[in-house]
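Hi,

Here is the structure I promised to pass on. My notes on it follow below, so have a look and tell me what you make of it.

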Amino acid sequence: MIEKPAVPDRLPGQFRSFFAAIAGSDFGTQISFVALPLTAVLALGAGAAEVGALTALTTAAFLLIGLPAGAWVDRLPRRAVMITTDVVRAVLYGSVPVAWLLGALTMPQLYAVALLGGVATVFSEVAAQTFLPELVGRDHLVPANARLMGARGVNQIIGRSAGGFLASAFAAPVVIALDALSYACSAVVLWRIRVAAPAAPARPGSSVWPDVRDGLHHVLGNRVLRPLAIEGALTNFATTLTITVLPVVFVRELRLDEWVLGVFLAVGGCGALAGAVCARALAARFGYGRVLWIAGVAASCAGCAVPLLSSGSGLWFAAAGWAVLTTKTGIGNVLAVSLRQSITPDHLMGRMNATFRFLLTGALAVGGVLAGALGGSAGARAVLWVSAGVFAVTWLAVFLSPLRSLRSLPEAQEPTVTRVAATR
């Protein structure tokens, strides 16, 4: 496997606009991350099962259309896809405060917003991750991803804190209007980006499903990508179990104010930011693979602190454990995404990203459903302990693979399984 030398991290000027659009819309998303389940719990009296269903619907679209979305994105102008999906999400999330002010807000509407917004997010995220190598070049993927993930960490700190505080000061449905505004602003900024030579859609005359199959073979048949997919899916599954029941634990069991939940989640944002900032230096010093599995081991230990959440000192002990978990996530987001983009040929980039989003975000949907079902039958604490158990084994996927000794980014590789072989 050929590995590329490090290059300076100077990024093209157009990246600033792309960064502003992605970071701005993500800020609104982090506000709704807190405000949407609080709307269900406080405005509509939802319980653990209903909040779990809401979380599952937010990510269910990745299971329903995640795979063909990659083939479609490979055929469409990526920037236009991102603009369109931002406009759609602005309208969907903007309908929530309007319906609440009119006294017409219902759980079915929240479910519809979560599902349709998830469909738009499928195309938006796949298009953004596919557009990035085209915008900055493969040699600048690590610094570009580090800045994007760093911004996400900042947004998790500020946006989630703001979501909790604003929900306390005003009303959770009204706060969601800020998310709608962030999507509208993102669409305007993306519209102003001009790429000199946009990539042509790949295989415009081919059938979608054979192309989908090629993407699956590229991910699941590659010794570097397959363990990344397994580890990421397990991490997302465990994270969703925890996040889904946290509003119930904080608001109903511990009877804490909404802003405390926002601060707790913001502590996780601090961890994600720290991980994103340190990822490049750690990978340069210890190697990509070693950093990934060592961070996983640390997270497996820290995960046991979160189920001990209480209203006293246990609150901060759990918050410290949560920060370690999200630090591992921040490191993984920078290094794993860069590895995926580096090893994938241009013509498979959309399908690779869609396959990963299908697997990773599909795990979120499964986690949301299980969290609701288990939380309704065995209680929220049981969900937190199951999550800790899953975190304890996620690192094994990397440790037991060739990634364990990988030191730097590999070159792009064509799939080892061809379409002819796949049809046998």
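Before the notes, one term: I call a residue buried when its relative accessible area is under 20%, exposed when it is over 50%, and partly exposed in between (1.4 Å probe, protein chains only). Keep in mind that this is a predicted model, so local features need pLDDT of at least 70 and side-chain atom pairs count only at pLDDT 80 or more, while totals for chains, interfaces and linings use all residues. Residues are numbered from 1 along each chain as its sequence is written, and side-chain values use heavy atoms, with hydrogens and water left out.

Salt bridges first. The rule is a side-chain nitrogen of Lys or Arg within 4 Å of a carboxyl oxygen of Asp or Glu, and it gives seven of them. Aspartate 74 is a good place to start: its relative accessibility is 1%, so it counts as buried. It forms a salt bridge with arginine 351, with the closest N and O atoms 2.9 Å apart. That pair ties together distant parts of the chain, 277 residues apart: aspartate 74 sits in the loop between α2 (48-73) and α3 (78-101), and arginine 351 in helix α12 (residues 349-378). (Helices here are DSSP runs of H or I with at least four residues, strands are runs of E with at least two, and both are numbered from the N terminus.) Arginine 351 is buried too, at 3%.

Aspartate 74 also has a salt bridge to arginine 78, where the closest N and O atoms are 3.4 Å apart. Arginine 78 has a relative accessible area of 8%, so this residue is buried as well.

Within helix α3, arginine 89 and aspartate 86 lie three residues apart, about one turn of the helix. Their salt bridge has its closest N and O atoms at 2.8 Å. Arginine 89 is buried at 6%, and aspartate 86 at 3%. As for shared partners, salt bridges join Asp74, Arg78, Glu134 and Arg351 into one network.

Now the helix packing around α12. Helix α7 (residues 208-220) packs against α12 at about 75°, with the axes 8 Å apart; axes are lines fitted to C-alpha atoms, for helices over the stretch in contact, and angles run from 0 to 180 degrees between N-to-C directions. The two are therefore roughly perpendicular (65 to 115 degrees; under 35 is roughly parallel, over 145 roughly antiparallel, and the rest oblique). Arg351 turns up again here, among the α12 residues that meet α7, where contact means heavy atoms within 4.5 Å.

The axes of α12 and α13 come within 7 Å and cross at roughly 130°, so this pair is oblique. On the α12 side the contact is made by Ala371, Leu374, Gly375 and Ala378, and on the α13 side by Ala380, Ala382, Val383 and Val386.

Finally, the largest nonpolar core, meaning a set of buried Ala, Val, Leu, Ile, Met, Phe, Trp, Tyr and Cys residues joined through side-chain atoms within 4.5 Å. This core has 65 residues, and those touching the most other members include Leu228, Phe250 and Phe356. Helix α8 gives the largest share, 13 residues. Beyond its neighbours within four places in sequence, leucine 228 is in contact with residues including Leu292, Leu339 and Phe356.

Cheers
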